[in-house]
Amino acid sequence: MNESQAREAICGIGASIFNRGLTAGSSGNISVRVSDGWLMTPTNASLGRLDPARLSKLSDDGRLVSGDAPTKESFLHRVMYEERSDTGAVVHLHSTHSVAVSCLAEIDPDDVLPPVTAYYVMRVGKLPLVPYFKPGDMALAEAVRGFAGKHHAVLLANHGPVVAGSSLDAAVNAIEELEETAKLFLLLRGAKTRFLTPEQVRELL
Ligand SMILES: [Zn+2]
């Protein structure tokens, strides 16, 4: 994907995410690796109304080259690229069901969601919970860095998911699978449920 295709793809996927209610207001951000740096969604921009020409273009060393200033959460993206060399795109959303799960008192911080479906296991796998930090606290970046080497998907406590993928499609498909699984998990709470067995999970990985 060249840079102009990447710009169009970010805006198209941003609109699709926003129009389906997967992130609200000006929340959520998307980045894509290009040959000479990154494209990132700008600060205070709604994913529903992105302008390809105004996306933030960052150089390899993170300087703003053109476009509007990048999202204040750009550090979440940077640590994913730094720790995972095969990353082509990163998506972060404040998607309702994932955020709801991230607020539950009794979840396993090592692996937040159970293996509800095969697609969840294949696209997300193990999902660690990153402890809560206030917005803008750089300690959050370091906490995410601690997980990023081993996990392409993490859930920020009382905040939302961050997912890296080899491509924009891969990252979006995985974060949507995560959100759907969070929704299923909440629907199933209190009901006697048959999750995939450890053997069935092993078979998929
Ligand atoms: Zn956020």
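Which residues in H2 meet which residues in H5? The legends below start there.

**View 1. Helices H2 and H5 touch through their side-by-side residues listed here.** From H2 come Phe75, Leu76, Val79, Met80, Glu82 and Glu83, and they meet Met138, Leu140, Ala141, Val144, Arg145 and Ala148 of H5; contact here means heavy atoms within 4.5 Å. Nine of these residues are nonpolar, none polar and three charged (Ala, Val, Leu, Ile, Met, Phe, Trp, Tyr, Cys and Pro count as nonpolar, Asp, Glu, Lys and Arg as charged, the others, Gly among them, as polar). The model is predicted, so local features need pLDDT of at least 70 and side-chain atom pairs 80 or more, while totals for chains, interfaces and linings use all residues. Residues are numbered from 1 along each chain as its sequence is written, and side-chain values use heavy atoms, without hydrogens or water.**View 2. Helix H2 (residues 74–83) packs with helix H5 (residues 138–148).** Their axes (lines fitted to C-alpha atoms over the stretch in contact) sit 9 Å apart at an angle of about 30°, on a scale from 0 to 180 degrees between N-to-C directions. That makes the two roughly parallel, the word for angles under 35 degrees. Helices are DSSP runs of H or I with at least four residues, strands E runs of at least two, numbered from the N terminus.

**View 3. Here is the zinc ion with its protein donors.** Glu73 (OE, listed twice), His92 (NE2), His94 (NE2) and His159 (NE2) lie 2.0 to 2.7 Å from the zinc ion; donors are N, O and S atoms within 2.8 Å of the metal (3.2 Å for Na, K and Ca), and sites may look incomplete without water. His94 is in the loop between E5 and H3, and His159 in the loop between E7 and E8, so the pair ties together parts 65 residues apart in sequence.

**View 4. Two of the zinc donors, His94 and His159, up close.** His94 is partly exposed at 30% relative accessible area, whereas His159 is buried at 16% (buried is under 20%, exposed over 50%, partly exposed in between, with a 1.4 Å probe and protein chains only).

Methods: Angles under 35 degrees count as roughly parallel, over 145 as roughly antiparallel, 65 to 115 as roughly perpendicular and the rest as oblique.
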